[in-house]
Amino acid sequence: MGQTITEKILDDHLVEGELETGEEIGIDVDQVLTQDTTGTMVWLQFEALEMDEVQTELAAQYCDHQTYQFDFKNTDDHRFLRSAAGTYGAYFSRPGNGICHQVHKENFAAPGKTLLGSDSHTPTPGGLGQLAIGAGGLDIAVAMGGGAYYVEMPEVVNVHLTGELPEWATAKDVILKLLQELTVKGGVDKVLEYTGPGAESLSVPERTTITNMGTELGATSSIFPTDEKTREWLAKFDREDEFVDLSADDDAEYADTIELDLSELEPLIAKPSMPDNVVPVSEVEGTEVDQVMVGSCTNGAYEDILPSAKMLAGERVNPTTEMIVAPGSKQASEMLARNGWTAELMAAGVNFSEATCGACIGIGHVPASDSVSLRTFNRNFEGRSGIEDDSVYLCSPEVATAAAITGEITDPRNLDMEAPGFEMGTGYSPGMGQDDPDIISPDQSVDDELIKGPNIGDVPLKDELGSDLGGEALLKMGDNITTDHITPANAEALKFRSNIPKYADFTLTRVDSTFPDRAREAESGVLVAGENYGQGSSREHAALCPMFLGIEAVLAQSFARIHHANLFNFGLVPLEIDEETYERIDQGDDVEVVDDIGAGVRSGAEEFTIRVNDDWEATATMDASEREREILAAGGKLAWTKQRHQSGSGAAPADD
């Protein structure tokens with residue numbers, strides 16, 4: 001039987017397990033990336049693992065979330081990250097150089113390689129044929145030390161594309177259509193593999209827009225085959241020698257096939273406040289728009305911004321609307337400037353942002369109260385933009401620009417202008433991507449020891465799992481609780497990512513402002529949630545901060561993939577409950593596991609009995625591999641990894 005692209009790459013990197021759906025596999029990691037809001041903890045964990053040097057082929061540290069450096073804590077973090085990259089042997093991308101996914105795509109992403117990143121949108125380079133997976137920071141630290149990355153073998157789903165995009169329909173509409181049909185849970189435990197003549201018609205930047213937002217489907221990763229367009233794109237960055245021919249075998253078998261005819265697409269838009277709340281633009285046409293933002297890691301490439309510039313040539317931004325362009329990288333900004341498009345945009349009334357993730361997580365360009373913001377971003381979770389009662393829509397650059405011109409949501413097909421169009425490869429400069437002054441290579445490092453400011457603390461550790469588990473249900477939550485709900489990423493909170501005792505003060509405050517104080521007073525307890533608990537970013541702080549506050553377990557109807565792994569990594573017990581049990585448990589109830597939880601975890605038990613208020617009982621289940629059970633029993637992955645190093649059974653320091 002033939003193999004899919006995903007299976008070929010996994011098979012080539014397999015170090016443990018078999019490629020059978022649902023079975024845990026361990027894979028060798030070629031490249032890792034991290035960014036400034038997750039990276040500090042990654043390097044502190046790497047230090048705690050007593051590693052001497054990065055063991056992966058390549059490691060890259062980006063500074064892309066807190067680039068405004070409005071507080072010394074942010075600048076101290078960046079200095080620490082630069083020193084960690086220099087000490088341990090990683091590339092360092094300076095603040096302002098761009099968003100990790102766009103800069104990595106431009107400089108390092110390579111077909112056929114594996115990439116693990118401490119950011120949920122790490123799958124972006126799948127558009128180049130790289131198998132890229134987002135994970136928690138501790139998984140990155142272990143991989144950098146030479147350890148395998150473990151994941152359940154996902155289903156590989158064929159997204160078979162036919163036809164070609166009509167005028168004004170874009171790659172953003174492709175992924176919005178899939179979100180409309182599959183929902184934010186439709187890709188969980190799956191890799192989406194794009195095939196067919198429609199896939200061949202898309203440029204690399206269009207493909208990476210789609211793979212970037214595959215994360216919103218909950219997918220483990222998304223990937224395209226490589227072709228001459230891939231080779232040509234790499235050649236533009238003087239990296240043609242990294243091209244690898246990748247395609248599925250003719251007799252490859254997929255778990256499922258999704259058919260999508262690109263020629264039938266129309267401009268789409270995701271209404272507040274979930275990426276799958278998708279409708280045709282025509283359904284919300286006429287809604288007044290206060291703010292328009294074009295950019296981000298989804299639509300921040302030169303090719304994404306150029307259509308906006310073409311549409312605004314000779315036009316002006318509506319007086320009632322503010323428009324901001326936020327390029328995904330400084331290189332994209334440079335290309336716009338060298339080709340004269342920056343002047344055209346500014347002449348039309350557009351403001352430029354530094355190349356940063358900031359606005360996407362509520363740092364800068366926060367919308368006004370009771371206003372509508374159209375963004376070409378990937379997430380519009382309630383409150384993520386920096387204001388609780390936000391009204392954020394997600395759309396293509398063309399739809400966003402149409403609104404900037406008219407002052408209201410407008411189907412661009414109704415504008416009196418031709419579709420901008422774009423031919424891949426125009427506007428590129430010779431030698432682009434070489435000798436980037438904002439990327440410091442390991443052999444150019446300026447630091448050879450760690451530099452820690454006063455806001456950078458230690459990694460909290462948890463004791464081994466004992467026999468008893470339980471406590472008050474300190475908080476009961478609904479479905480689709482995101483990591484933004486659990487540990488906010490706004491300007492006020494994010495500067496404490498390296499200071500867990502302080503960052504813990506913000507834990508779940510977007511759900512209940514009293515939670516941190518109540519958790520500290522209780523000293524131990526459990527959380528209760530509905531479906532898809534922990535969706536969103538890869539931030540391990542969403543497990544680390546509740547652990548620090550004494551949370552012992554999370555009882556949910558289902559978990560998002562990365563957060564589920566992070567709970568194991570930090571010693572929190574993830575238990576699945578059915579809908580009836582969820583409905584019966586109330587906040588404030590006393591919940592305890594009747595069984596010896598430690599013995600059950602170690603022996604491989606899948607079912608546990610919980611008792612509520614010493615009154616009624618129900619069954620909770622735990623989906624865990626043998627390795628995850630060992631991690632949980634040890635009190636988390638950091639302790640487990642150190643134990644393996646000491647016994648000689650795990651990744652070893654460089655000088656061993």
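Start by selecting Thr34 and Gln61: Gln61, in β4, is the bridge partner of Thr34. (Strands here are DSSP E runs of at least two residues and helices are H or I runs of at least four, numbered from the N terminus.) Before moving on, note that this is a predicted model, where local features need pLDDT of at least 70 and side-chain atom pairs count only at pLDDT 80 or more, while totals for chains, interfaces and linings use all residues. Residues are numbered from 1 along each chain as its sequence is written, and side-chain values use heavy atoms, with hydrogens and water left out.

**Stop 1: the sheet around β4**

Widen the selection to strand β3 (residues 31–34) and β4: they run parallel and are joined by 4 bridges. (Two strands count as paired if DSSP finds at least two bridges between them.) Now colour β4 itself, residues 58–62. Since 5 of its 5 residues are buried, the strand is largely enclosed by the rest of the structure. (Buried means under 20% relative accessible area, exposed means over 50%, and partly exposed is in between, using a 1.4 Å probe and protein chains only.) Turn on the side chains and you'll see Leu58, Ala60 and Tyr62 pointing one way, with Ala59 and Gln61 pointing the other.

What stands opposite Gln61 in β5? Select Phe92 and you have it. β5 covers residues 91–93, and its pairing with β4 is parallel, over 3 bridges.

Go back to β3 and look at β6, which is joined to it by 3 bridges, again running parallel. Here Leu33 stands opposite Gly117. In β6, Thr114 and Leu116 point one way and Leu115 and Gly117 the other, and all are buried. One more step takes you to β7: 4 bridges join it to β6, in parallel, and Leu116 faces Ile133 there.

Show the whole set now. It is an open sheet of 6 strands, in the order β7-β6-β3-β4-β5-β20, with mixed pairing. The edges are β7 (131–134) and β20 (439–440), each pairing on one side only.

**Stop 2: salt bridges**

Side chains of opposite charge can pair when their charged atoms come close. The rule used here is a side-chain nitrogen of Lys or Arg within 4 Å of a carboxyl oxygen of Asp or Glu, and by that rule the count comes to 30 salt bridges.

Pick Glu57 and Lys113, whose closest N and O atoms are 2.9 Å apart. Glu57 sits in the loop between α2 (36–48) and β4, and Lys113 in the loop between α4 (100–107) and β6 (114–117), so the pair ties together parts that are 56 residues apart in sequence. Glu57 is exposed at 56% relative accessible area, while Lys113 is partly exposed at 27%.

Next, zoom in on helix α3 (residues 72–88). Asp76 and Arg79 form a salt bridge there, at 3.6 Å from N to O. They are 3 residues apart in the helix, which puts about one helical turn between them. Asp76 is buried at 12% relative accessibility, and Arg79 is partly exposed at 36%.

Then select Asp227 and Arg207, with closest N and O atoms 2.7 Å apart. This pair links distant parts of the chain, 20 residues apart: Asp227 is in the loop between β11 (221–223) and α9, and Arg207 is in helix α8 (residues 204–213). Is Arg207 buried or exposed? It's buried, at 1% relative accessibility, whereas Asp227 is partly exposed at 21%. While you're there, colour α8: 9 of its 10 residues are buried, including Val204, Ile210 and Met213.

**Stop 3: out to the surface**

Switch to a surface view and select Glu18, Glu20, Glu23, Glu152, Asp189, Glu606, Glu607 and Asp623, which form a negative patch. (Patch residues have over 30% relative accessible area and no salt bridge, with like charges joined within 9 Å.) One of them, Glu152, is in strand β8 (residues 149–152) and is partly exposed, at 31% relative accessible area.

Finish at Asp250, in the loop between α9 (228–236) and β12 (256–261). Asp250 is exposed, with a relative accessible area of 85%. To end the tour, draw a distance from its C-alpha to that of Lys462: the two lie 212 residues apart along the chain and 49 Å apart in the model.

Terms used. Patch = residues over 30% accessible without salt bridge, like charges linked within 9 Å, V, L, I, M, F, W, Y side chains within 5 Å. Areas by Shrake-Rupley, 256 points an atom, 1.4 Å probe, with all protein chains shown as cover. Lys, Arg positive; Asp, Glu negative; His and termini not counted. Charge placed at Lys NZ, Arg CZ, Asp CG, Glu CD.
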